[in-house]
Amino acid sequence: MPFNDVISRNDAAVLIPTETSREIIKHVAEMNPLLQLARRLPNMGSSQRTIPVQSALATAYFVNGDTGLKQTTDLSWDNVTVTAEEIAAIVPIPDAVLDDSSYDIWGEVRPAVEEALSIVITNAILYGTNIPASWTTGLGAAGIFARATAAGNVVTAAAYADLYEAIMGETAAGVDGLLMRIEADGFMATGHIASTAMRGRLRNIRDLNGVPLFTRSMQDTTRYALDGEPIFFPTDGTIADATSWMFSGDWSKLVYAMRQDITYKVLTEAVIQDAAGNIVYNLAQQDMVALRVVMRMGVALPNPINRVNQVAATRCPFGVLTA
């Protein structure tokens with residue numbers, strides 16, 4: 001009997017039913033930073049969830065006279081699949097380091113690992129960095145940047161008279177700025193995520209009297225507002241200023257679901273191998289422990305039809321501002 005046989009996911013597929021969500025994607029605005037900005041679906045009971053997305057609109061007609069015939073209309077839906085992919089990290093630490101430490105190393109490690117997981121997720125969703133194939137399918141491209149590019153929603157600030165025009169308005173020749181491009185696709189921006197350098201650029205925007213136009217929200221002094229919507233400046237380096245200054249859009253259209261929330265397990269009697277099968281650490285033999293962190297989640301950006309832009313290829317709820 002061979003020692004390398006394994007029951008694969010394909011072998012077990014019939015035992016794992018695909019959970020189908022009945023939720024039809026609606027135009028719901030929720031404002032939170034990335035995973036909080038996005039709309040969270042109920043936890044997944046299996047590895048996949050199918051979301052019906054409206055692909056054809058209903059049409060009404062005037063009736064011709066008292067005896068005119070009433071016409072019929074059609075509605076149709078396509079499916080978008082959210083597939084849970086595993087994200088994990090293992091942090092090995094020698095016992096001696098733990099013994100000699102005067103503070104709780106695990107207490108320090110856990111937030112760092114969670115931040116690392118968050119960075120991986122953000123980079124995959126925004127830029128397509130190391131993005132799983134199923135997420136590419138669910139987002140309609142390898143990340144939101146690529147999706148916005150394909151829809152013609154990437155704005156170059158240098159092509160406009162000033163930053164205000166690039167974001168809030170249009171050129172003298174009628175070329176739409178960032179927010180107008182999103183609005184031309186039938187969406188309203190509900191929030192923005194920008195690089196830390198962008199904060200200084202926005203502070204420098206002034207009216208003719210020299211009064212700054214970029215201010216903190218009057219309702220929430222802990223946040224900044226741009227065109228009445230919150231704008232966030234992650235300090236974890238996920239927004240690469242050299243690539244993109246700001247992502248704006250209707251974040252309620254970005255959906256995700258958890259298959260398994262973040263879980264921890266302390267390994268004490270295990271080996272850690274590299275991709276070639278070489279043993280990197282033998283925890284028992286080397287007096288080490290390791291913290292294993294695992295989570296599974298799926299992401300999708302459905303593209304429901306709307307009355308403003310009915311062409312799927314040019315319709316996108318996000319836009320990107322670049323240099």
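Strands β7 and β9 pair in the parallel sense, with two bridges between them. In this predicted model, I193 of that pairing stands opposite F232 in β9. On β10 the arrangement flips: β7 and β10 run antiparallel and are joined by four bridges. One of the residue pairs to look at there is A194, whose bridge partner in β10 is M246. Strand β7 itself, residues 191–194, is covered on both faces. G191 and I193 sit on one side, H192 and A194 sit on the other, and all of these are buried.

Zooming out for a moment, the protein chain carries seven helices and 15 strands. It has 323 residues, of which 41% count as buried. Contacts lean towards the long-range end: taking those with a separation of 6 or more, 71% come from residues 24 or more positions apart. As for the outside, about 17,700 Å² is exposed, and carbon and sulfur atoms supply 53% of that area.

Now for the charges. Side chains of opposite charge can pair when their charged atoms come close. Searching the whole structure turns up two salt bridges. One of them brings together the side chains of R201 and D241, at 2.8 Å from N to O. This pair ties together distant parts of the chain, 40 residues apart: R201 belongs to helix α7 (residues 196–203), while D241 sits in the loop between β9 (229–232) and β10 (246–249). Neither end is fully tucked away, because R201 has a relative accessible area of 24% and counts as partly exposed, and D241, at 25%, is partly exposed too.

The other salt bridge is made by the side chains of K253 and D250, again with 2.8 Å from N to O. Here the setting is a covered one, with K253 buried and D250 buried as well.

That leaves E165, a residue of helix α5 (residues 163–168). E165 is buried, yet has no salt bridge. Its nearest side chain of opposite charge is that of R181, and this lies 10 Å away; with the salt-bridge cut-off set at 4 Å, the two do not qualify as a pair. What, then, is E165 in contact with, leaving aside its neighbours within four places in sequence? The list runs to Y160, E170, T171, A172 and G177.

Conventions:
Residues numbered from 1 in each chain as written. Predicted model: local features only at pLDDT ≥ 70, side-chain atom pairs only at ≥ 80, totals over all residues. Heavy atoms only, no water. Buried < 20%, exposed > 50% of the residue type's maximum accessible area, 1.4 Å probe, protein only. Pairing = 2+ DSSP bridges. Lys, Arg positive; Asp, Glu negative; His and termini not counted. Contact = heavy atoms within 4.5 Å. Areas by Shrake-Rupley, 256 points an atom, 1.4 Å probe, with all protein chains shown as cover.
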